[in-house]
Amino acid sequence: MEKDFTQVKGRIFDIQKYSIHDGPGIRTIIFLKGCVLRCKWCCNPESQEYEIQTMEVQGKQKIIGRDVTVEEVMKEIMKDMPYYRRSGGGVTLSGGEALCQPEFAVALLKTCQEYGIHTAIESTGMADFHVIDQYLPYLDLYLMDIKHINSKKHEEYTSRPNQLILENARKIAESGTNLIIRVPVIPTFNHRAEEINDIANYAKTLPGVKELHLLPYHRLGQDKYEGLGREYELSHIEPLSNEYMEELSKVVRSSGLQCQIGG
Amino acid sequence: MEHNDIEIKKSLRINKLIEDLYANMPEIEADRAYLLTESYRQTEDEPIIMRRARAFEHILNNIPITIRDQELIVGSATISPRGCQVFPEFSYSWLEGEFDTIATRSSDPFYISEDTKNILKDVFKYWKGRTTSELATTYMAPETKMAMEHNIFTPGNYFYNGVGHVTVCYEKILKIGFEGIINEVKKALSKLKVSDMDYVKRNEFLQSVLISCQAAIDYANRYAKLAVEEAKKCNDKTRKEELMLIAHNCSRVPAQGAATFYEACQSFWFVQMLLQVESSGHSISPGRFDQYMFPYYEADIKSGKITKEFAIELMDCIWVKLNDLNKARDAASAEGFAGYSLFQNLIAGGQNKDGVDVTNELSYMCIEASMHVMLPQPSLSVRVWNGTPHEFLIKAAKLTRTGIGLPAYYNDEVIIPGLVNRGLTLADAREYNIIGCVEPQKAGKTEGWHDAAFFNMLRPLELVFSNGIDQGKQISIETGDVEKMTSFEEFFEAYQKQMNYMIGLMVNADNAIDVAHGERCPLPFLSSMIEDCIGRGKSVQEGGAVYNFTGPQGFGIANMTDSLYAIKKLVFEDRKVTLAEFKHALEVNFGKGIDSAAAEEITKEVASNLLKQGKQVTEQEIRDIYTSVLSGGISKEEQERLNYILDLISELPKYGNDVTEVDMFAREVAYTYSKPLETFRNPRGGQYQAGLYPVSANVPLGAQTGATPDGRFAFTPIADGVSPASGRDTNGPTAAANSVAKLDHYIASNGTLFNQKFHPSALSGVRGLENFISLIRAFFDQKGSHMQFNVVSRDTLIDAQNHPENYKNLVVRVAGYSALFTSLSRSLQDDIIARTEQGF
């Protein structure tokens with residue numbers, strides 16, 4: 001008998017309703033715990049460790065992470081069905097890195113699809129492709145980060161080189177999955193026009209990819225580092241101006257891709 | 001209909017009109033009160049309905065009139081912009097008491113000159129013992145008055161003022177003018193026989209309507225004359241022509257039917273302002289302006305008589321004029337209705353009587369006009385149903401995005417069946433509009449008495465804990481010692497009993513006031529435009545309207561739900577806290593300290609308990625109790641236990657987070673108010689129906705309410721409308737909306753109010769608008785009734801608190817209406833800032 005995949009367990013740290021920046025329409029985002037990368041700017045540092053941990057939030061210790069079944073998560077997801085229907089929205093898996101918990105994530109996506117809910121993943125693409133390949137049949141949209149074309153710099157800021165990511169991007173694109181490339185624009189890391197241009201030019205070569213989103217750097221995660229007793233290494237950098245972001249979006253557009261600032 | 005969303009530039013005239021309107025603090029004027037009293041003194045031995053008509057006529061013949069610079073639509077109730085007249089026939093002593101403080105009070109200050117004070121002092125002498133308010137008081141049962149003194153409910157609105165809260169049949173005046181009405185009345189008169197059993201009253205009523213309609217015609221002719229005089233003096237050629245056209249319009253309407261869109265606008269305006277000269281009632285709502293004005297607009301556009309630009313300039317002028325009308329309330333009411341608001345609700349879109357969507361070009365232009373003037377009036381509303389054009393909602397959402405708090409969104413799919421359930425025909429229900437904040441009714445046929453009282457649902461809960469005693473006095477029935485209750489059902493039943501008893505007293509209060517209005521202030525001018533007054537030969541106040549209701553509003557659903565849920569869970573299921581402990585925790589406000597007034601109250605209660613137990617209490621002991629109460633008088637161990645209880649409460653799921661168990665509980669809580677209420681009838685033969693909204697009274701009335709079992713501290717604001725308690729909805733806007741949608745909105749047919757606050761970023765771009773509309777649509781799919789939004793950043797509001805001078809025009813949504821932020825009291829400002837900001 002086939003395993004009852006609604007009982008598969010996974011580890012999440014948040015469910016966010018009325019999310020309107022990670023895929024089309026009104027969406028519910030499921031944040032899975034655990035990530036392969038350690039991006040210095042990460043605005044969800046509590047997502048990086050797979051282990052359940054505590055973080056100080058407004059003077060109180062808060063437990064981050066809980067184990068849930070697909071069925072339990074679906075119950076929350078289903079509550080906003082009327083909003084998905086009206087807006088063409090759905091569910092987005094985020095993290096951490098949703099590729100780190102394939103059994104749970106795939107079971108969740110599969111269940112969503114059975115209910116006719118639009119599915120998306122927001123992902124670093126950092127996993128063996130045979131893992132990603134399990135997700136693709138159940139994904140309507142893949143939102144994938146490409147953070148830098150220079151592998152050395154990539155490694156310096158994210159802890160890992162980028163070859164696997166770039167290869168996976170191509171394979172995902174070739175699979176026919178609807179793929180949008182996203183670039184978190186981080187001052188001092190990848191904010192220069194040539195750096196963005198390099199990414200856009202790479203994205204342009206991916207079959208079927210038409211859109212690239214530039215995500216402006218923000219500091220909303222900074223307090224969390226303190227709450228976790230960690231140092232925030234980028235405390236010296238300032239968010240970029242809207243005008244500057246507009247300039248970058250022109251760079252992207254000149255490569256022939258559509259560009260949007262923000263998710 | 002792609003042409004509908006073209007943005008039209010605002011004419012420079014509108015800026016000038018607005019600038020002049022807000023140049024000074026609004027002023028109180030004495031002319032109406034003086035003329036009214038002069039007339040009353042001469043009509044002592046006439047029937048009341050004739051005295052009202054004669055007074056109206058005397059006022060309109062003699063009150064000073066003015067045409068403001070650059071106006072295209074004329075007719076002002078006061079000489080000073082945004083000024084207000086006085087209505088001593090309803091009540092006056094509060095104003096006399098506030099002569100020296102009204103200019104400096106925190107909510108809605110008014111300037112009043114020494115001359116005006118002197119005239120009014122003299123006028124007021126006449127009114128002692130003659131007001132509706134005094135008569136109503138004598139009609140109320142003693143236990144009702146006691147409940148009011150103890151702030152269980154407050155019928156303040158109609159107790160001290162006219163009723164208003166009506167939409168007349170504007171359409172009819174536009175079509176046949178007051179001359180047409182006069183003909184109708186004459187016909188009715190000709191059918192009367194002096195031998196008819198009701199001849200006397202019918203005849204007097206119809207005569208009074210004749211006088212009132214003629215007075216309105218004569219008043220317009222005074223404006224026609226004034227316009228000619230001013231035109232003669234005017235050197236500017238363009239303005240001279242404008243004044244001559246104004247003169248022409250005023251000589252034709254509202255006497256005759258309107259021949260052009262411009263005349264229709266002027267005719268509408270005379271009706272709108274004169275209703276507010278006859279009586280001080282607020283929420284005189286224009287209703288479906290886009291529908292009854294459309295034929296005139298369409299004809300003039302087709303024949304090329306006007307351009308779209310000019311049409312919207314006229315509408316902008318009306319929009320500005322709606323802000324020119326004003327009303328002074330007593331200091332306490334001013335906090336409850338803060339923001340100089342008159343709640344003139346104007347609604348666009350929706351269906352016709354046959355169920356066909358009739359959103360038209362004017363519907364879009366109504367939104368455009370609100371974008372042009374960016375003022376709190378009219379209270380703009382839009383009707384939404386499955387057939388509402390998407391681009392109409394996009395247009396509406398663009399207005400929402402400006403942060404002005406307009407429009408409010410209403411769900412046809414709930415309101416129409418809700419009204420049918422109250423006895424309206426389907427055709428009438430389909431043509432509903434909104435009165436004031438959120439109250440639906442059929443225009444020109446209804447005396448709805450919406451907004452008839454505020455009922456604080458938390459106070460009966462306090463009475464359960466005190467066994468009917470408040471401040472040492474037995475003000476309600478005994479429902480038993482709370483400590484001895486052994487099941488939640490028993491506790492809940494005690495709450496229902498306290499509710500039922502107090503609802504009955506509120507009905508007594510409202511009916512007493514209702515009768516007093518019928519006897520002392522029937523309104524013949526208003527009655528001329530409400531079906532079937534002429535047919536029945538009686539005024540609206542005596543039951544002349546086709547549909548009669550009384551709609552007092554309950555509030556505190558969120559706090560009551562969380563409170564009852566806490567008791568059910570912590571006392572009876574988990575058995576972690578006893579009712580005795582809860583009782584004590586509430587008395588000492590969870591140990592969080594209290595102010596001197598509250599300490600006094602508690603001292604009284606403790607002393608009276610001691611006396612009841614047969615103990616002697618000396619003055620010294622009372623002083624000791626007071627000191628110990630004030631200082632908290634709570635040991636460290638006790639405080640730790642209280643904090644533990646607070647922690648237990650805060651860990652419970654709360655209303656507003658889409659937790660089905662809690663939300664279905666909220667539905668039951670709402671029923672404790674709405675179900676008993678609908679069993680009562682009013683003196684006009686109509687039914688009571690519940691509303692669930694607080695205007696802005698949740699702040700001042702919260703200040704009269706002790707701590708509650710949901711962990712709400714004493715004297716802090718109560719949650720507004722059916723919205724979740726401030727800061728407790730932590731799962732975002734869809735979860736909050738899902739919770740609210742689980743209430744039974746059909747039965748709360750006097751309206752429910754759901755406030756959400758958004759950061760502007762949530763509505764940015766086309767996608768932001770699309771998602772915002774989807775949120776409304778999906779909430780309405782689940783049968784929510786109303787939704788309104790504050791879209792303004794927290795930083796902006798805090799900056800406005802600190803630098804009010806920079807934010808004179810900042811409009812925010814308060815609760816069912818928009819108001820100038822800087823005119824609100826500090827505590828209400830804080831409340832608005834504290835409401836969860838739905839950012840994301």
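Leaving aside its neighbours within four places in sequence, which residues is Val540(B) in contact with? In this predicted model, the partners of Val540(B) are Glu447(B), Leu523(B), Leu526(B), Ser527(B), Ile530(B), Cys533(B) and Ala545(B). Val540(B) itself sits in the loop that runs between helix H24 (533-536) and strand E11 (547-555) of chain B. With 25 other C-beta atoms within 10 Å, against the 20 or more that the term requires, Val540(B) is buried. Thr561(B) follows 21 residues further along the chain, and its C-alpha atom is separated from that of Val540(B) by 38 Å.

From this one residue, the description can widen to the chain around it. Chain B contains 35 helices and 16 strands. A compact globule of 840 residues would have a radius of gyration near 28 Å, and the 27 Å of chain B agrees with this. Along the principal axes, the C-alpha trace of chain B spans about 85 × 65 × 50 Å. Buried residues account for 57% of the 840 residues of chain B. When contacts between residues at least 6 apart in sequence are considered, 80% of those in chain B join residues at least 24 apart.

Two helices of chain B give a good first view of how its elements pack. Helix H3 (residues 48-62) of chain B meets helix H10 (residues 199-233) of chain B at an angle of about 5°, and the two axes are 9 Å apart. Because this angle falls under 35 degrees, H3(B) counts as roughly parallel to H10(B). On the H3(B) side, the contact is made by Ile49(B), Met50(B), Arg52(B), Ala53(B), Arg54(B), Phe56(B), Glu57(B), Leu60(B) and Asn61(B). H10(B) contributes Glu204(B), Phe205(B), Gln207(B), Ser208(B), Ile211(B), Ser212(B), Ala215(B), Ala216(B), Asp218(B) and Tyr219(B). Sorted by class, the residues of this contact are ten nonpolar, four polar and five charged.

Another helix to look for is H33 (residues 765-781) of chain B. At 1.5 Å a residue, its 17 residues should span 24 Å, and the end C-alpha atoms are indeed 24 Å apart. The buried residues of H33(B) are Glu770(B), Asn771(B), Phe772(B), Ile773(B), Ser774(B), Leu775(B), Ile776(B), Arg777(B), Ala778(B), Phe779(B) and Phe780(B). Just after H33(B) comes Lys783(B), whose phi is positive, at about 75°.

Positive phi values also turn up in loops of chain B. Arg82(B), a residue other than glycine, has a positive phi near 60°. Arg82(B) belongs to the loop between H3 and helix H4 (93-98) of chain B. Arg82(B) counts as buried, with 20 C-beta neighbours inside 10 Å. Ser283(B), likewise a residue other than glycine, has a positive phi near 65°. The loop that holds Ser283(B) connects helix H12 (261-278) and helix H13 (289-292) of chain B. Ser283(B) is buried, having 27 other C-beta atoms within 10 Å.

The backbone offers cis peptide bonds as well. In chain B, the bond from Leu406(B) to Pro407(B) is cis, with omega near -5°. Pro407(B) is placed in the loop between helix H18 (390-401) and strand E4 (408-411) of chain B. In chain A, a cis peptide bond joins Gly95(A) and Gly96(A), with omega at about 15°. Gly96(A) lies in the loop between strand E6 (90-94) and helix H3 (102-114) of chain A.

Chain A can now be described as a whole. Chain A is built from nine helices and eleven strands. Its radius of gyration is 18 Å, close to the 18 Å given by the globule rule for 263 residues, so chain A is as compact as a globular protein of that length. The C-alpha atoms of chain A fill a box of roughly 55 × 45 × 35 Å along the principal axes. Of the 263 residues in chain A, 45% are buried. Among contacts in chain A between residues at least 6 apart in sequence, those that join residues at least 24 apart make up 73%.

Finally, the two chains meet. At this interface, 13 residues of chain A are in contact with 18 residues of chain B. On the side of chain A, strand E1 (9-19) and helix H2 (81-87) are the elements that give two or more residues. The residues on this side of chain A comprise five nonpolar, four polar and four charged.

Terms used. Residues are numbered from 1 along each chain as its sequence is written. Chains are lettered from A and ligands numbered from 1 in the order in which they are written. This is a predicted model: local features need pLDDT of at least 70, side-chain atom pairs count only at pLDDT 80 or more; totals for chains, interfaces and linings use all residues. Helices (H or I, at least four residues) and strands (E, at least two) are DSSP runs, numbered from the N terminus. The radius of gyration is taken over C-alpha atoms; the globule rule is 2.2 Å times the number of residues to the power 0.38. A residue is buried if 20 or more other C-beta atoms lie within 10 Å of its own, exposed if 12 or fewer, and partly exposed in between; C-beta atoms are placed from the backbone. Two residues are in contact if their C-beta atoms, placed from the backbone, lie within 7 Å. Ala, Val, Leu, Ile, Met, Phe, Trp, Tyr, Cys and Pro count as nonpolar, Asp, Glu, Lys and Arg as charged, and the others, Gly among them, as polar. Axes are lines fitted to C-alpha atoms, for helices over the stretch in contact, and angles run from 0 to 180 degrees between N-to-C directions. Angles under 35 degrees count as roughly parallel, over 145 as roughly antiparallel, 65 to 115 as roughly perpendicular and the rest as oblique. The expected span of a helix is 1.5 Å times one less than its number of residues.
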